[in-house]
Amino acid sequence: MNDPTEVQAAPASSPPEDVLLIVPVRNVVLFPGVVLPISIGRDKSLAAAQEAVRTQRKIGLLLQTDPAIDDPAPDQLHRVGTVAAIVRFITAPDGTHHLICQGERRFRVLDYVSQEPFLVARVEFHAEPVALDRETEGRGISLKEKSLEALSLLPQAPAELANALQGIESVSALADVVSSFMDIKSSDKQELLATFDLKTRLDHVLSLV
């Protein structure tokens, strides 16, 4: 694991605090409240991750619209992504780099302020509703019941996953965790991530479970 003090030097001028360092990702959608490993190999992604570790900043993960593109431009990235904290920065013996990322909240890109040495964007953050109406709470209960039922039918499903679902009290967090573990295409996960309205998102997740 890399120590933050050993990360390469940052650019002369660090990005201001009201922007996010953007790391494009292929075929991976990180949801708030979920921890996932992210492999990085491109120079811009590595530079952004190193800067984030050095300055203890968050990064913004954005799914590419076309995973085949090696150096995606801003218009080749989705505009809704997830703010992530880098829990660990790992360099494997073969020289590949991996981030253990914890998703925190949704964001939408407003505009890009820099593309070199990495992508930097001004963003607006999405806050999940605190007070829920009965219909939304009812959807949350149905989602938990259906998810636990689906897990019980999978012989290899880890018991800790069911326990984790049982312990989730936040309806929005439940929807995100279930979305993350469903075996669906990354484009479908991106659609769920970009659905800011909680009730609509719950209906969509329920239809997929």
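What pLDDT does the protein average, and what percentage of the residues score at least 70? In this predicted model, the average pLDDT of the protein is 90, and 92% of the residues reach a score of at least 70. Among the elements of the protein, strand S3, which spans residues 59–63, has the highest mean pLDDT, at 98, whereas the lowest mean, 85, belongs to H3. The pLDDT falls below 50 over residues 1–12, a stretch for which the model nevertheless contains 15 contacts beyond near neighbours in sequence.

The largest pocket encloses about 320 Å³ of space. Its lining comprises 14 residues, of which Leu151, Leu154, Val178, Phe181 and Met182 are the closest to the pocket centre. Two or more lining residues come from each of helix H2 (134–152), helix H3 (159–167) and helix H4 (171–181); H3 is also the element with the lowest mean pLDDT. By class, the lining of the largest pocket consists of 12 nonpolar residues, 1 polar residue and 1 charged residue.

The second largest pocket holds about 170 Å³ of space, and its lining is formed by Pro24, Val25, Arg26, Val28, Pro37, Ile38, Ser39, Ile40, Gly41, Arg42 and Ser45. The elements that contribute two or more residues to this lining are strand S1 (19–25) and strand S2 (35–40), with S2 giving the most, at 4 residues. In the lining of the second largest pocket, 6 residues are nonpolar, 3 are polar and 2 are charged.

Terms used. Residues numbered from 1 in each chain as written. Predicted model: local features only at pLDDT ≥ 70, side-chain atom pairs only at ≥ 80, totals over all residues. Heavy atoms only, no water. 1 Å grid on protein atoms, 1.4 Å probe; cavity = no way out; pocket = protein on both sides within 12 Å on 5 of 7 lines; lining within 4 Å. Points joined across faces, edges and corners; volume = space filled by probe spheres on them. Nonpolar A, V, L, I, M, F, W, Y, C, P; charged D, E, K, R; others polar. pLDDT = per-residue confidence, 0-100. Contact = heavy atoms within 4.5 Å.
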